[in-house]
Amino acid sequence: MTDIPAPAYGTRLDFASPLSGERATALVTRLAAATPRTILDIGCGWGELLLRLVESCPGATGTGIDTDEPDVLRGRRNADARGLGDRTEFVVGPGEDHDTPADLVLCIGASHAYGDTPSALRRLRELVTPGGTLLFADVFWERPPTEADLANLWPDTTPDDHPSLHGLVGHAEAAGFQPLWIESVNRDEWERFESGHLADKAEWLLRHGDDPRAEGYRTDLADHRRIWLTGSRDLVGFAYLTLGVPA
């Protein structure tokens, strides 16, 4: 037994996805221009983008849903600290069970909650009010993966796991959305995200290298870093699609 807490997670990240401050500001400006009254974030993490949108839309209310309780608690603390607690609700639970539509819906890296990307987009279409907007972010193949590529990725990864960017946009259109803005993250955003994702565990190991749990954390860290640097880097992309629906 040890009294040393386990490594924290995400303390070096502003967002729980690859996203620069510059891109976040542009997204918030564009999405807030439609003056949504209700904002829903499925798989919100700690909901930083949700909070920035609520800040930028006076009178709007926001709801963030995630199964990770520590992330949800972090979101609540941040909302209270910024005076947004009365307009923002963070809920612990499965986002796929939510069925109340909103003017602006966010689903960033959470399509797995609905099984797969096409299923997620079809279900999310039902959650966007007429004339509303979905900000949908998901992974895609930058190029078709080879067998050698797949060997350096997560176990059991197949070429069918992700579409191309064109295919991702096609899934959105098939679900009834009109693509309004298509953008994908750059290498710097990916590297900031991956490094930030690993930083808490790496720094914990520097301080507690003799802890009985350290070897397991070293293995986890090495496996994640290997997959990132030899497999997914420049192969797996991440796109933000701003999608509209008719009024």
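Reader: Which residue stands opposite Leu241 in β7?

Author: That's Phe136. Keep in mind that this is a predicted model.

Reader: What makes β5 and β7 count as paired strands?

Author: Two strands pair if there are at least two bridges between them. Strand β5 (residues 128–141) and strand β7 (residues 236–244) have nine bridges, in the antiparallel sense, so they count as paired.

Reader: Why are β3 and β6 said to stand at the edges?

Author: Look at the order of the open sheet: β3-β2-β1-β4-β5-β7-β6, with mixed pairing. β3 (88–92) and β6 (178–184) each have a single partner strand, so one side of each is left without a neighbour in the sheet. From one strand to the next, the twist averages 15°.

Reader: And which strands does helix α4 touch?

Author: Helix α4 (residues 117–125) packs on the sheet and touches β1 (38–42), β4 (102–108), β5 and β7. Its direction makes about 165° with that of β5.

Reader: Why is α7 called roughly antiparallel to α8?

Author: Helix α7 (residues 187–207) and helix α8 (residues 214–232) pack at an angle of about 165°, with axes 10 Å apart. Angles over 145 degrees count as roughly antiparallel, so α7 earns that label against α8. The crossing of α7 past α8 is left-handed.

Reader: What kinds of residues make up the contact of α7 with α8?

Author: Eight are nonpolar, three polar and six charged. Among them are Leu198 and Trp204 in α7, and Leu221 and Trp228 in α8.

Reader: Which residues does the "Methyltransferase type" domain annotation cover?

Author: The unreviewed UniProt entry gives residues 40–134. That span is 33% helix and 29% strand, and its end C-alpha atoms lie 9 Å apart.

Key: Residues are numbered from 1 along each chain as its sequence is written. This is a predicted model: local features need pLDDT of at least 70, side-chain atom pairs count only at pLDDT 80 or more; totals for chains, interfaces and linings use all residues. Side-chain values use heavy atoms; hydrogens and water are left out. UniProt positions are given in the numbering used here, feature names are shortened, and annotations may be inferred rather than shown by experiment. Helices (H or I, at least four residues) and strands (E, at least two) are DSSP runs, numbered from the N terminus. Axes are lines fitted to C-alpha atoms, for helices over the stretch in contact, and angles run from 0 to 180 degrees between N-to-C directions. Angles under 35 degrees count as roughly parallel, over 145 as roughly antiparallel, 65 to 115 as roughly perpendicular and the rest as oblique. A crossing is left-handed if the near helix is turned anticlockwise from the far one by less than a right angle, and right-handed if clockwise. Contact means heavy atoms within 4.5 Å. Ala, Val, Leu, Ile, Met, Phe, Trp, Tyr, Cys and Pro count as nonpolar, Asp, Glu, Lys and Arg as charged, and the others, Gly among them, as polar.
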